[in-house]
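Q: Please take a close look at the sheet in this structure. Cover how its strands are ordered, what packs on them, and what lies elsewhere in the fold.

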Amino acid sequence: KMRKARFVACVTRPLRDQVIVATGLATGRVPVIWMGVDTTRFGYRAPRVEDGVLRVIMVARLNWPKGHRHTLEALKRLKGEGLGVEFIIVGDGPYRQSIVGEVEAAGLTAQTRFLGTLSEDEVALRIAESDVLVLPSVGMGEAAPVAVMEAMSIGRPVIASIIGGTPDMIDDGVDGFLCRQEDVDALTSRLRQLARDPALARRMGLAARERAVRDFDA
């Protein structure tokens, strides 16, 4: 299909590079055309009042490749260290019952809320009520994750795996964190860092907002 196409639009540079390697197409036939979000609708929201609890949100279909199990393992470790955690899960899908079982096995039932599928405005509200968005996806199932752009636009740091275009979207250590896929140790460390240093989370959130307005505004 790509060989017969006049051009193949890719939403990030890493995806363009993957297409070129896989097909041998000339760079001129594989332009990068960014996706975007409405940075007014997903406007900056001041961080919530600190209460000693790290509120983590995932906005993703409930499928195995999204990596909910990695977030659960990281939060289980942090809870074991005595840190206050809360996990907000937005989305639905075929993996729901498995995730419910994993939540119970991790001892995080009281700390976890399943909110199902929400409207864009409701998603914005839930992200604003959280401290950090996590997306530890695995495989090759991401392009330019919209939830990442939405969270950054609202002013929340993102911790994402290196997948698809996330290295093009997040400046590691500046406006978010990047981790290797399935690296629960790194994910735990980054979450711990934000939990113990709310000022860092605020600085990264402001940097994320600046990045979103500059690069992701539709």
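A: Here is the sheet, followed by a cavity and an aromatic pair.

This is a predicted model, where local features need pLDDT of at least 70, side-chain atom pairs count only at pLDDT 80 or more, and totals for chains, interfaces and linings use all residues. Residues are numbered from 1 along each chain as its sequence is written, and side-chain values use heavy atoms, leaving out hydrogens and water.

The open sheet has 6 strands in the order 3-2-1-4-5-6, with parallel pairing. Strands (E, at least two residues) and helices (H or I, at least four) are DSSP runs, numbered from the N terminus. Two strands pair if DSSP finds at least two bridges between them. Strand 3 (112-116) and strand 6 (176-179) stand at the edges. Each has a single partner strand, so one side of each is left without a neighbour in the sheet. From one strand to the next, the twist averages 20 degrees.

Strand 1 pairs with strand 2 (residues 84-90) in the parallel sense, over 7 bridges. Valine 59 stands opposite valine 90 in strand 2.

Helix 2 (residues 68-80) packs on the sheet. It touches strand 1, strand 2 and strand 4 (132-135); contact means heavy atoms within 4.5 Å. The direction of helix 2 makes about 165 degrees with that of strand 2. Axes are lines fitted to C-alpha atoms, for helices over the stretch in contact, and angles run from 0 to 180 degrees between N-to-C directions. Helix 3 (residues 96-105) lies across strand 2 and strand 3, at about 165 degrees to strand 3.

Next, the cavity. A search of the whole structure finds 1 cavity of 30 Å³ or more. A cavity is a set of points on a 1 Å grid where a 1.4 Å probe fits but cannot get out; lining residues have an atom within 4 Å of a point. The largest cavity holds about 70 Å³ of space. Its lining has 13 residues, with Pro136, Cys179, Arg180, Asp183 and Leu187 nearest the centre. Strand 5 (158-161) and helix 7 (184-196) each give two or more residues to that lining. Strand 5 gives the largest share, 3 residues.

Last, the aromatic pair. The whole structure has 1. Rings of Phe, Tyr and Trp (its six-membered ring) pair if their centres lie within 6.5 Å; planes under 30 degrees apart count as stacked, over 60 as edge-to-face and the rest as tilted. Tryptophan 34 and phenylalanine 216 have ring centres 5.9 Å apart and planes at 40 degrees, so the pair is tilted.

Notes
On a 1 Å grid over the protein atoms alone, a cavity is a set of points where a 1.4 Å probe fits but cannot get out, and a pocket is an open set with protein on both sides within 12 Å along at least five of seven lines; lining residues have an atom within 4 Å of a point. Grid points are joined across faces, edges and corners, and a volume is the space filled by probe spheres set on the points.
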